[in-house]
Amino acid sequence: MANDEVTPRPAPREVRIDKRQVRVLAHPLRMRLVGALRVKGPATATTLAELLGTNTGATSYHLRQLAEVGLVIEDPDRGSGRQRWWQAAHDVTNWEPTDFDDDPDARAAIEWIQGDQVRLLVETAERWFASQHEWSPAWRDGFGMSDIFMTIPPARLEELKAEVWQVLERYHREAGPVDSADSVDQEARPVQVFLAAYPLREGLQ
């Protein structure tokens, strides 16, 4: 008898990045390499170069830089001869901006990473706007953004973020791999969910 239940995924491997790691990670190609390995799984520098539209020399160099600070690791079970396979060392990257207040270089690096997240959000939304007519009504209603205004102290905002993140993690554990077609629901597709909270624009307060 076939088992129609999806096996829950294990808890994600998390890392709270330190000052050295954040300085290495703050690079557009390195961010994309880590993201690609987390989504697609282990890969060679050649495969990653093709996926990201760059060259093997660049991917090899930046993978080594990421490996030096423990953000990616080699996959010894897949390597053969001169071909090296790489995998993400973690599934989730954590930090607090104040972790780097005493290091100007690390603070600048984390500010660049935060800006890159916003750029990624904009690019993701623009791709959706350009292609939404190709999707079914159910998906067009499902995708999109919403917001809410509130007055809240920082401690309560942290509680809110933690609670929402727990919900996201539960759905993540119950879902299949991001790029997997093996799903009980054949309409399932890979999606990217952003969580953001920013001050209300001056004049609206």
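**Figure 1. Overview of the model.** Helices (H or I, at least four residues) and strands (E, at least two) are DSSP runs, numbered from the N terminus. Welcome to a predicted model, in which local features need pLDDT of at least 70 and side-chain atom pairs count only at pLDDT 80 or more, while totals for chains, interfaces and linings use all residues. Residues are numbered from 1 along each chain as its sequence is written, and side-chain values use heavy atoms, leaving out hydrogens and water. The protein has 7 helices and 5 strands. Followed from the N terminus, its elements come in the order β-α-α-β-α-α-β-β-β-α-α-α. Of the 205 residues, 23% are buried (under 20% relative accessible area, 1.4 Å probe, protein chains only). About 14,600 Å² of the protein is exposed, and carbon and sulfur atoms supply 52% of that area (Shrake-Rupley method, 1.4 Å probe). Consider the contacts (heavy atoms within 4.5 Å) between residues at least 6 apart in sequence: 66% of them join residues at least 24 apart.

**Figure 2. Helix α2 meets helix α3.** Here we look at α2, which spans residues 28-40, and α3, which spans residues 45-52. Their axes (lines fitted to C-alpha atoms over the stretch in contact) come within 11 Å and cross at roughly 105°. The two helices, α2 and α3, are therefore roughly perpendicular to each other (65 to 115 degrees, on a scale from 0 to 180 between N-to-C directions). On the α2 side, the contact is made by Leu29, Arg32, Leu33, Ala36, Leu37 and Lys40; α3 brings Leu48, Leu51 and Leu52. Sorted by class, the contact of α2 with α3 holds 7 nonpolar residues, 2 charged ones and no polar ones. In this sorting, Ala, Val, Leu, Ile, Met, Phe, Trp, Tyr, Cys and Pro are nonpolar, Asp, Glu, Lys and Arg are charged, and the others, Gly among them, are polar.

**Figure 3. Helix α3 also packs against helix α4.** Helix α4 covers residues 56-68, and its axis lies 8 Å from that of α3, at an angle of about 115°. Helices α3 and α4 are therefore roughly perpendicular to each other. Their crossing is right-handed (the near helix is turned clockwise from the far one by less than a right angle). Ala45, Thr46, Leu48 and Ala49 of α3 make this contact with Thr56, Thr59, Ser60 and Leu63 of α4. The residues in the contact of α3 with α4 are 4 nonpolar and 4 polar, with no charged ones.

**Figure 4. His90 in its loop.** Find His90 in the loop between β4 (85-88) and β5 (92-94). With a relative accessible area of 14%, His90 is buried. Setting aside neighbours within four places in sequence, the contacts of His90 are Arg13, Glu14, Val15, Arg38, Gly70 and Leu71.

**Figure 5. Leu195 beside helix α7.** Leu195 sits in the segment after α7 (154-174). Its relative accessibility is 42%, so Leu195 counts as partly exposed (from 20% to 50%). Residues up to four places away in sequence aside, Leu195 touches Lys161, Val164 and Trp165. Leu195 and Val164 are 31 residues apart in sequence, yet their C-alpha atoms are 8.5 Å apart in space.

**Figure 6. Met145 between helices α6 and α7.** Met145 belongs to the loop that joins α6 (137-142) and α7. At 69% relative accessibility, Met145 is exposed (over 50%). From C-alpha to C-alpha, Met145 and Ala125 are separated by 9.1 Å, with their positions 20 residues apart in sequence as the spacing.

Technical notes:
Angles under 35 degrees count as roughly parallel, over 145 as roughly antiparallel, 65 to 115 as roughly perpendicular and the rest as oblique.
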